[in-house]
Amino acid sequence: MSPVDDTFLSSSTDRTVRLWNVQQAGCLAEMELPSTVDGAPHACFDSTGLVFGITAPMAAGSGHFIHLYDARNYSGGAFAELKLQQSNIEKAIHSKGVAPELAMVLSRSEWTSIKFDKSGKQLLVTGKKGLVMTLDGFDGTITNVFSNPSSTNGELSACFTPDDRTILTGNEDGSIHCWNAKNGNLLRKLEGHTNRVGCVAANPKYAQVASACSNTALWNW
């Protein structure tokens with residue numbers, strides 16, 4: 001959903017991304033993705049509502065497309081068409097001390113969400129098997145990988161804090177990790193859930209974080 005108006009994006013397993021307005025019937029536009037897309041895309045607006053991004057997997061697990069659009073001139077196509085190769089993802093994960101075999105598996109895991117930080121300078125990517133990483137919002141290069149060996153069997157939820165300084169990730173063991181967004185260091189571990197944390201979100205105005213598994217928790221940041 002756009003943070004400034006009634007438009008929203010939908011992404012589908014039929015490999016399409018559409019822009020809608022809640023007050024109108026029918027979609028406003030369908031974004032054209034490369035013919036070599038091999039899987040479901042993901043899309044999101046930035047915090048200003050002026051830019052939205054779309055990611056989609058390349059054929060044969062070779063990487064991901066990252067396309068950026070001007071929300072006021074989307075009919076002209078993406079203003080940036082980037083590619084992130086699987087080999088670069090694997091190298092970045094391995095550089096964090098992850099075993100080569102696991103790094104290869106994580107680099108090929110399916111992406112499940114993308115989010116801009118408040119400044120629009122970074123994209124937060126989550127994927128299956130515990131993949132969480134940040135990308136440069138301008139050129140699509142990997143800026144950091146957040147590795148948690150205890151969460152390699154499932155899909156993690158993650159978000160930025162409103163000041164963009166910390167990344168929160170929900171884990172399989174019911175904990176929440178708080179990472180330094182710049183250097184990737186683990187700052188703190190929050191405990192209190194009994195099952196996998198399937199959702200974590202930061203309040204954009206107040207120092208609060210909400211998280212949920214089979215129960216819901218509200219944390220004062």
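Arg15 counts as partly exposed, at 43% relative accessibility. Its place is the loop between strand 1 (7-11) and strand 2 (17-21). The model is a predicted one, and Arg15 has a backbone angle worth a look. Its phi is near 70°, a positive value in a residue other than glycine. Most residues other than glycine have a negative phi.

Asp164 also has a positive phi, of about 65°, although it is not a glycine. Asp164 sits in a loop too, between strand 12 and strand 13 (166-170). Is Asp164 buried or exposed? At 16% relative accessibility, Asp164 counts as buried. The cut-off for buried is under 20%.

**Burial of single residues**

The table lists some residues with their places and accessible areas.

| Residue | Place | Relative accessible area | Class |
|---|---|---|---|
| Ser2 | segment before strand 1 | 6% | buried |
| Ala43 | strand 4 | 25% | partly exposed |
| Ile114 | strand 8 | 5% | buried |
| Thr126 | strand 9 (residues 122-127) | 2% | buried |

**Ser2**

Ser2 lies in the segment before strand 1. Its side chain reaches the backbone nitrogen of Val4 at 3.2 Å. What does Ser2 contact, leaving aside its neighbours within four places in sequence? The partners are Thr7, Phe8, Phe45 and Gly49. Phe45 will return with the aromatic rings.

**Ala43 and Ile114**

Ala43 belongs to strand 4. With a relative accessible area of 25%, Ala43 is partly exposed. Residues up to four places away in sequence are not counted in its contacts, and Ala43 then touches Leu9, Ser11, Val17, Gly53, Ile54 and Ile114. Thr55 is 12 residues from Ala43 along the chain, and their C-alpha atoms are separated by 6.5 Å.

Ile114 belongs to strand 8. It is buried, with a relative accessible area of 5%. Neighbours within four places in sequence are again left aside, and the contacts of Ile114 are His42, Ala43, Cys44, Gly53, Ile54, Thr55, Leu124 and Val125. Gly53 and Ile54 are on this list, and Ala43 touches both of them. How many residues apart in sequence are Ile114 and Leu135? They are 21 residues apart, and their C-alpha atoms are 9.8 Å apart in space.

**Thr126**

Thr126 sits in strand 9. Its relative accessible area is 2%, so Thr126 is buried. Its side chain makes a polar contact with the side chain of Ser113, at 2.4 Å. Ser113 is also one of the residues that Thr126 touches, not counting residues up to four places away in sequence. The others are Trp111, Thr112, Leu131, Val132, Leu156 and Ala158.

**Aromatic rings**

Rings can pair if their centres lie within 6.5 Å. By this rule the count comes to four aromatic pairs. Why is the pair of Phe52 and Tyr69 stacked? The ring centres are 5.0 Å apart and the planes are at 10°, so the pair is stacked. Planes under 30 degrees apart count as stacked.

The pair links distant parts of the chain. Phe52 is in strand 5 (residues 51-57), and Tyr69 is in strand 6 (residues 63-70). They are 17 residues apart. Both Phe52 and Tyr69 are buried. Ring pairs also bring in Phe45, linking Phe45, Phe52 and Tyr69 into a cluster. Phe45 is the residue already met as a contact of Ser2.

**The largest pocket**

What is the volume of the largest pocket? It is about 680 Å³. The pocket is lined by 24 residues. The closest to its centre are Ser47, Phe116, Phe160, Ala202 and Pro204.

Which elements give two or more residues to the lining? They are strand 4 (42-45), strand 8 (111-116), strand 12 (158-160) and strand 16 (199-202). Strand 16 gives the most, with four residues. Strand 4 is the place of Ala43, and strand 8 is the place of Ile114.

By class, the lining has 16 nonpolar, three polar and five charged residues.

Notes: Residues numbered from 1 in each chain as written. Predicted model: local features only at pLDDT ≥ 70, side-chain atom pairs only at ≥ 80, totals over all residues. Heavy atoms only, no water. Phe/Tyr/Trp six-rings, centres within 6.5 Å; stacked < 30°, edge-to-face > 60°. Buried < 20%, exposed > 50% of the residue type's maximum accessible area, 1.4 Å probe, protein only. Polar contact = N/O pair within 3.5 Å; in protein donor to acceptor, adjacent residues only side chain to side chain. Contact = heavy atoms within 4.5 Å. 1 Å grid on protein atoms, 1.4 Å probe; cavity = no way out; pocket = protein on both sides within 12 Å on 5 of 7 lines; lining within 4 Å. Points joined across faces, edges and corners; volume = space filled by probe spheres on them. Nonpolar A, V, L, I, M, F, W, Y, C, P; charged D, E, K, R; others polar.
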